Amino acid sequence: MPREELNQIYIAVIGAGGVGRHFLNQLAAIAPKYPNIHLLLVARSTKSLTARDHTKPLSFQTWEADLNKSTSPALDNDQIANFFHKTPRYCVIVDNTSDQDVADLYPQFLYREVSVVTPNKKGFSGYLGLWKRIEDAAYHHLSPGQVRGLLYHESSVGAGLPIISTLKDLIDTGDKVQRIEGVFSGTMSFLFNNFAPVDGKGGKWSAEVTKAKEAGYTEPDPRDDLNGVDVARKLVILARICRLEIESTDSFPVESLIPAELESVKSGDEFMEKLPQYDSSMEEVKNEAVKEGKVVRFVGSVDVGKKALKVGLEKFDKGHPIAGLKGSDNIISFYTERYGANPLIVQGAGAGGAVTAMGVTADLIKVIQRLS
């Protein structure tokens with residue numbers, strides 16, 4: 001279709017570090033294939049770069065250098081919310097942050113016909129009222145002739161893996177999802193694949209946490225991974241897609257691997273310094289599994305029929321797919337009526353900026369194709 005016949009699509013990107021940087025570089029690579037897309041805003045926590053108007057968009061190729069030169073301050077939430085008032089019709093906000101305040105704006109964007117693409121979990125796993133408003137704005141009560149913004153958040157679960165789209169396809173085609181189980185954290189996968197490998201040659205727990213931190217798999221403070229909340233958020237998202245009204249991550253058991261004595265230490269560095277004192281407790285957990293001919297893994301599960309969610313340590317036979325994971329891979333099994341005793345399994349890299357950004361970019365392409 002000739003350029004002038006395509007709907008012109010205007011993109012604003014919030015979050016340009018980490019995942020955001022990878023996303024913008026991927027966007028620059030695909031931009032020549034989509035001549036109708038235009039970049040109007042790139043913002044990070046310290047500064048922003050805005051096109052003068054929609055007829056003079058930002059460069060996909062030089063955005064980073066241009067942003068670094070910018071003297072414009074970061075946008076506050078009111079400025080983000082009002083940014084699209086003066087832009088043409090087809091707009092997309094790509095939220096690469098983990099900011100609750102930005103997630104709170106999603107219903108407002110969607111009702112204004114602004115599409116939302118994001119890996120941010122907060123809007124879909126936080127308080128139930130926000131989820132319901134987002135769901136209503138994106139999917140329900142559409143009047144004849146009314147247009148809403150499109151919503152895609154594949155990377156909020158499983159980085160670039162097709163977890164949410166697979167689950168929605170199962171439900172939309174009439175299958176009955178009975179249970180979802182898996183390793184949902186690339187960080188936890190890396191830790192346990194090295195701490196308790198199938199061959200039984202793992203290192204000390206604190207040493208493996210240090211290794212994961214140095215490799216960039218953990219948050220700066222590893223307690224943000226070891227508390228299990230990240231996995232819990234992902235379960236809440238999947239459970240809500242399955243029509244379970246889960247209030248929050250406090251609504252079900254979430255096992256923390258942080259020793260109680262270290263929960264309140266002042267910093268991540270202090271936590272890492274003291275963690276070796278507690279290696280014996282994790283060693284006991286590993287040895288108990290070894291005595292049973294099994295390995296221990298950190299998993300999450302959703303029992304749809306029982307409306308029960310759980311996050312924590314589980315033992316698996318060495319031949320089980322979860323036991324045989326490598327590196328930081330995730331594995332999610334969908335047990336459904338249609339698939340019977342053999343679950344549909346999605347497996348692959350579950351962590352990393354580039355693969356997470358790939359999921360965001362793929363979602364944006366879906367929006368572009370639908371709006372064009």
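These legends go with a few close-up views of a predicted model.

**View 1. The first annotated domain, residues 15-139.** UniProt, in an unreviewed entry, gives this span the label "domain: Aspartate/homoserine dehydrogenase NAD-binding". Helix makes up 41% of residues 15-139 and strand 18%. From end to end, the C-alpha atoms of the span sit 26 Å apart.

**View 2. Strand β5, a mostly covered stretch.** Zoom in on residues 91-95 and you're looking at β5, where five of five residues are buried. Cys 91, Ile 93 and Asp 95 point one way from the strand, while Val 92 and Val 94 point the other way. That back-and-forth is no surprise, because side chains in a regular strand alternate between the two faces of the sheet. Whichever way they point, all of these β5 residues are buried.

**View 3. β5 and its partner β1.** Here strand β1, residues 9-14, runs parallel to β5, and the two pair over five bridges. To find your place, look for Val 13, which stands opposite Val 94 of β5.

**View 4. β5 and its partner β6.** Strand β6 covers residues 114-117 and pairs with β5 over four bridges, again in the parallel sense. Val 94 turns up here too, this time opposite Val 117 of β6.

**View 5. Another annotated domain, residues 162-365.** The unreviewed UniProt entry also lists this span, as "domain: Homoserine dehydrogenase catalytic". Its end C-alpha atoms lie 15 Å apart. As for its make-up, residues 162-365 are 39% helix and 20% strand.

Terms used. Residues are numbered from 1 along each chain as its sequence is written. This is a predicted model: local features need pLDDT of at least 70, side-chain atom pairs count only at pLDDT 80 or more; totals for chains, interfaces and linings use all residues. Side-chain values use heavy atoms; hydrogens and water are left out. UniProt positions are given in the numbering used here, feature names are shortened, and annotations may be inferred rather than shown by experiment. Buried means under 20% relative accessible area, exposed over 50%, partly exposed in between (1.4 Å probe, protein chains only). Two strands pair if DSSP finds at least two bridges between them.
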